2 protein chains.
Amino acid sequence: MRNTLILLLLLLFVLTGSQRYMAQSNRAADEAALKALDIAWSKAAGAKDVDKTVSYYADEAMVMPSNSPALTTKEAIRAMWQGMLGAPNFSGGWTPTKVEVARSGDLAYVTGTYELSETDAGGKPVTDKGKYLEVWKKQADGNWKCVADMFNTSLPAR
Amino acid sequence: MRNTLILLLLLLFVLTGSQRYMAQSNRAADEAALKALDIAWSKAAGAKDVDKTVSYYADEAMVMPSNSPALTTKEAIRAMWQGMLGAPNFSGGWTPTKVEVARSGDLAYVTGTYELSETDAGGKPVTDKGKYLEVWKKQADGNWKCVADMFNTSLPAR
């Protein structure tokens, strides 16, 4: 009986310790996973793949582009990407520069810069350079999805 | 000896359970605290108090306004606010609409809308309506500070 109790105690201590250790190593893994996800997302946009591009958003995602109210429906978010990726000679993408994950591994944010080009109505090539801030949330199935996505130009106002 | 072990076991179970309960109730408290902080922050800006306004940022904060690269130094962030709050007849503020906190209570994001007015160079009153996305991080002293702050206009491009 006494040995059983000691074993139980040891087990509890080991479990508590290993949970902490796992939280640490999961955090580094989550940061690497989010960086890779963000780069893959940019590639999907660069390939003008609308379906794949919108698949990175959570169901409740909010997208916040300039000169528009926040987009909160799947339809509005899809329409925005369809317009952007469907622009004449669209090309470009974005690169994450900072990823930070909560200790609990359920919430994170990513910042970075983008560079997107297209041909304007007058047939002239135009390039926008800007920055973005994304918030990601780990879903019930363990996959990270973007819940808030905001971006704006870094170029001077015309 | 056996009773001591049983007591120890009980104590461990109670501690584990109460930690979980505290995490839940802390989360609701954190959400309420962040909403109140964001409203107080807006009031400081409305009162044109530059010192108080910049005090809501963490040391490593990044501010991401339109038509500018990301601001990453205290000096650049302060200069931006000084310019904004010092505009002729500046008035207005912002209102949080959504607050979400990580389970671990160390990271959170806030979204909302702003409305800011001033008098332009021609003496005409102008109002900008837009939205924002803030990421907050709990500091070592338990206070929440903003680590990433992005905003852009919701009005159509001129």
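**View 1. The two copies meet through the same surface.** In this predicted model, 100% of the interface residues of chain A are also interface residues in chain B, so one surface serves both copies. Chain A puts 44 residues into the contact, and chain B puts in 44 residues. Together the two chains bury about 3600 Å². Carbon and sulfur atoms account for 68% of that area.

**View 2. A turn of 180° lays chain A on chain B.** The shift along the axis is 0.0 Å. The RMSD of the superposition is 0.0 Å. The two copies are therefore related as by a two-fold rotation axis. Which residue of chain A has its C-alpha nearest the axis? That residue is A:Ser104, with its C-alpha 2.4 Å from the axis.

**View 3. A salt bridge joins B:Lys137 and A:Glu100 across the interface.** The closest N and O atoms of B:Lys137 and A:Glu100 are 2.4 Å apart. How many salt bridges link chain A and chain B? The count is six. Polar contacts also cross this interface: 23 residue pairs satisfy the rule, both residues being at pLDDT 80 or more.

**View 4. One helix and five strands of chain A each give two or more residues to the side that touches chain B.** The helix is H1 (2-46). The strands are E1 (57-64), E2 (91-101), E3 (107-119), E4 (125-138) and E5 (144-153). H1(A) supplies the largest share, eight residues. Sorted by class, this side of chain A holds 27 nonpolar residues. Eight polar and nine charged residues make up the other classes.

**View 5. Chain A is built from three helices and five strands.** From the N terminus on, the order is α-α-β-α-β-β-β-β. Two helices thus precede strand E1, and a third helix follows that strand. Four strands then run on to the end of the element list. Along its principal axes, the C-alpha trace of chain A spans about 85 × 30 × 25 Å. What is the radius of gyration of chain A? The value is 21 Å, whereas a compact globule of 158 residues would have one near 15 Å.

Conventions
Residues numbered from 1 in each chain as written. Chains lettered and ligands numbered in written order. Predicted model: local features only at pLDDT ≥ 70, side-chain atom pairs only at ≥ 80, totals over all residues. Heavy atoms only, no water. Contact = heavy atoms within 4.5 Å. Buried area = accessible area lost by both parts, 1.4 Å probe. Salt bridge = Lys/Arg side-chain N within 4 Å of Asp/Glu carboxyl O. Polar contact = N/O pair within 3.5 Å; in protein donor to acceptor, adjacent residues only side chain to side chain. Nonpolar A, V, L, I, M, F, W, Y, C, P; charged D, E, K, R; others polar. Least-squares fit on C-alpha atoms with pLDDT ≥ 70 in both. Rg over C-alpha atoms; globule rule 2.2 N^0.38 Å.
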